[in-house]
Amino acid sequence: MEAGKRSVREIFNRGRNLEIPFFQRSYVWEEQQWKRFLEDMVMVSETKKPYFLGSVILKQQETTSDRDSRLTVIDGQQRLTTLNVFMKVLCLLTDSDSDFTETFKKQRDKQIILLHNHNDVTSFNSVVGLKEVKEFTDISDNDQVLKAYKYFVENIQSDHNLEKLNFFDIIDNILFVGIDLNVGEDEQQIFDTINSLGVKLTTAELLKNYFFDRNEIDKYNLFWREVFEKDDDTYTYWDREITAGRIKRTVIDLFFYSYLQIKIQEKKYKVNTHDKIEFSKVENLFESYKRFIKEYHLNKDGAIEEIKQYALIFKDNFEPEIINSELSDSYGIERINAIIFGLEQSTLIPYVLYVLKNVDDEILKNELFQFLESYIMRRMVVKATTKNYNQLFTDRLINNEILSKDDLKRILTENDNKINYIPSDEDLVKGFNESILINYQAAGIIYMIESKIRDKSKHSTKLLGMNKYSLEHLMPKKWDNKWDKIKNKDDRDFRNFKLKTIGNLAIITQSLNASIRDAQWSVKRKGNSKNKGLTHYSGGIETLAPYLEHEVWNEERIQERGDHLCEHSKKIWFLQ
């Protein structure tokens with residue numbers, strides 16, 4: 001890898017092509033960016049000072065002696081496209097198109113250096129191939145290349161901009177931060193770095209251009225576009241970011257990660273333990289795909305067809321937005337979704353996808369999902385470790401083809417499974433009495449209980465989505481200000497501990513005002529003349545409303561409510 005300052009002429013070396021991956025997403029800059037670009041180019045022309053236009057990351061492609069050198073544009077598509085369109089318009093308006101040719105076209109055959117993607121190649125080539133200014137009619141709503149051309153034609157000629165702009169002053173002073181990768185270097189690492197800095201790239205973009213060549217449009221349309229890029233709703237679904245562990249990943253990346261975890265467990269490939277560990281690292285996902293396909297001889301065409309099957313199942317069943325909608329009280333994929341996306345248990349996805357693909361009987365499938373819900377929620381209550389979940393849900397369950405409730409129960413109750421144990425009813429009692437949980441976990445546990453015990457016939461309003469509730473301490477952490485005084489240190493310590501347990505935690509529809517939150521119990525329940533209290537924000541919430549009838553709230557009441565919630569949990573998350 002080589003990095004450093006790059007001039008326009010160094011980037012657009014006239015002996016090579018720069019190739020935007022053919023199935024890369026479209027050029028997306030809009031008027032806001034074009035306006036800023038034009039203003040900056042005027043400034044560069046007038047000041048003749050160096051101007052950094054951003055980063056460009058290029059990777060050398062494998063070539064033969066009879067083929068021109070080609071470099072893939074890993075990062076820089078938007079800037080390089082805009083620069084070409086802008087400079088083309090400027091040259092046309094100043095009757096100096098030869099300057100554009102001598103800078104942005106190859107020396108040998110005068111063909112354009114920048115090879116564009118399939119969405120924009122026609123419009124881009126039309127613009128850079130013009131001999132004179134032309135008015136394009138019927139520009140489609142999503143053709144940003146022609147829109148950029150039209151904007152620059154109109155605005156370079158306005159406000160005396162044309163007089164201020166000089167082609168060579170711009171070319172000589174624009175600089176890029178360039179990173180050049182050799183053929184064997186890992187663009188995945190660079191890709192993850194770019195992602196951490198906020199640039200919109202996904203592993204799927206790299207995979208798309210790995211699976212399909214420029215001459216495979218029909219195959220791409222059938223097996224990729226129809227699945228991942230069919231319309232705006234499809235884009236939105238796959239592009240959504242969710243929290244997965246300590247980082248955020250797009251749904252489409254989670255899907256490709258899950259598919260790979262399923263494939264490497266297939267016995268026919270005999271993937272060794274070391275490689276399974278390497279292939280389970282999300283930060284190396286693209287390289288893992290390439291290695292698995294090459295070293296374990298996965299047929300690419302067969303994989304593409306199977307990816308489509310799995311992706312359609314995934315999209316039909318996994319719904320991140322479930323956390324914003326009323327949750328079903330029936331065991332099944334909807335409640336598993338709430339656990340995955342509301343309680344950040346994305347390690348379940350590969351196994352759940354595997355079950356969805358291989359179990360057709362809805363009754364058997366929902367029985368398995370009921371037991372899976374019980375297992376995960378019980379472990380959350382008792383604060384059991386999740387560190388081994390990746391290995392459990394792939395190497396143990398998928399590898400052993402666990403596709404029924406009985407088999408799942410059997411493998412989780414084996415003698416050697418102490419780390420992944422199933423918490424007993426006694427463990428649940430201890431958990432409700434003693435566990436101090438992260439807020440979203442406590443809120444999620446209470447919400448999952450609420451969704452099962454709620455009598456819908458009694459309430460005129462629906463249960464909101466998991467994400468719509470706030471967690472409230474019934475006895476506030478700052479109880480010492482307005483609640484009864486306790487002088488004994490042991491009693492104070494016990495109260496400070498007990499108020500953090502589930503029995504003292506509740507979900508309500510809106511956070512209380514700070515003045516109410518720490519107020520004495522009578523005010524906190526009913527509110528005051530200025531702010532409403534718990535009673536107002538807990539209408540219909542059966543895990544809380546009955547307890548607001550108590551005139552006193554103390555450690556005994558916390559224990560009583562915790563016991564009641566625990567009894568509900570034993571019935572909801574049963575293990576038979």
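What span should the 20 residues of helix α19 have at 1.5 Å a residue, and how far apart are its end C-alpha atoms? In this predicted model, helix α19 covers residues 362-381, and the expected span is 28 Å. The end C-alpha atoms of α19 lie 28 Å apart, so expectation and model agree. Before returning to this helix, it helps to set out the chain as a whole.

The chain has 576 residues, of which 52% count as buried. Its secondary structure comprises 27 helices and 10 strands. Taken along the principal axes, the C-alpha atoms fill a box of roughly 85 × 65 × 45 Å. Among the contacts with a separation of 6 or more, 72% join residues 24 or more positions apart. One pair gives a feel for the distances involved: Gln111 and Asn488 are separated by 377 residues in sequence and, C-alpha to C-alpha, by 86 Å in space.

Helix α19 itself is mostly covered, with 15 of its 20 residues buried. At the N-terminal end, Asp361 acts as a cap, placing a side-chain oxygen 2.9 Å from the backbone nitrogen of Ile363. Just beyond the other end of the helix comes Lys383, which adopts a positive phi of about 60°.

Within α19 sits Arg378. Is this residue buried or exposed? Its relative accessibility is 1%, below the 20% cut-off, and Arg378 therefore counts as buried. A polar atom of the Arg378 side chain lies 2.6 Å from the backbone oxygen of Trp573. Leaving out residues up to four places away in sequence, the surroundings of Arg378 can be listed in full: this residue touches Pro423, Ser424, Asp425 and Leu428, as well as Lys570, Trp573, Phe574 and Leu575.

Attention now turns to helix packing. Two packed helices are described by the angle between their axes and the distance between the axes. Helix α18 (residues 349-358) offers two cases. The first partner considered is α16 (residues 300-317), whose axis comes within 10 Å of that of α18 and crosses it at roughly 105°. The two helices are therefore roughly perpendicular to each other. On the α16 side, the contact is formed by Gln309, Tyr310, Ile313, Phe314 and Asn317, while α18 contributes Ile349, Leu353, Leu356, Lys357 and Asn358. These residues divide into 6 nonpolar, 3 polar and 1 charged.

The second partner is α13 (residues 251-263). Here the axes are 9 Å apart and the packing angle is about 70°, which makes α13 roughly perpendicular to α18. Leu254, Phe255, Tyr257, Ser258, Gln261 and Ile262 of α13 meet Ile349, Pro350, Leu353 and Tyr354 of α18. This contact consists of 8 nonpolar and 2 polar residues, with no charged ones. Ile349 and Leu353 of α18 thus appear in the contact with α16 and also in the contact with α13.

The loops that lead into α16 and α18 bring up a point of backbone geometry. Most residues other than glycine have a negative phi, and most peptide bonds are trans. His297, although not a glycine, has a positive phi of about 60°. This residue follows α15 and lies in the loop between α15 and α16. With 65% relative accessibility, over the 50% cut-off, His297 counts as exposed. The preceding helix, α15 (residues 285-295), has buried residues at Leu285, Phe286, Ser288, Tyr289, Lys290, Phe292 and Ile293. Glu344 is another residue that is not a glycine and has a positive phi, in this case about 55°. Glu344 belongs to the loop between α17 (333-342) and α18, and its relative accessible area of 31% makes it partly exposed.

Two further sites complete the picture. Asn488 lies in the loop between β9 (470-473) and α24 (489-498). Its relative accessible area is 41%, so Asn488 is partly exposed. A polar atom of its side chain is 2.9 Å from the backbone nitrogen of Asp490. Glu555, in turn, is found in helix α27 (residues 555-572). Glu555 is buried, given its relative accessible area of 12%. Neighbours within four places in sequence aside, Glu555 is in contact with Met475, Ile486, Asp491, Phe494 and Arg495.

Notes
Residues numbered from 1 in each chain as written. Predicted model: local features only at pLDDT ≥ 70, side-chain atom pairs only at ≥ 80, totals over all residues. Heavy atoms only, no water. Axes fitted to C-alpha atoms, helices over the stretch in contact; angles between N-to-C directions. Helix = DSSP H or I, 4+ residues; strand = E, 2+ residues; numbered from the N terminus. Parallel < 35°, antiparallel > 145°, perpendicular 65-115°, else oblique. Contact = heavy atoms within 4.5 Å. Nonpolar A, V, L, I, M, F, W, Y, C, P; charged D, E, K, R; others polar. Expected span 1.5 Å × (residues − 1). Buried < 20%, exposed > 50% of the residue type's maximum accessible area, 1.4 Å probe, protein only. Polar contact = N/O pair within 3.5 Å; in protein donor to acceptor, adjacent residues only side chain to side chain.
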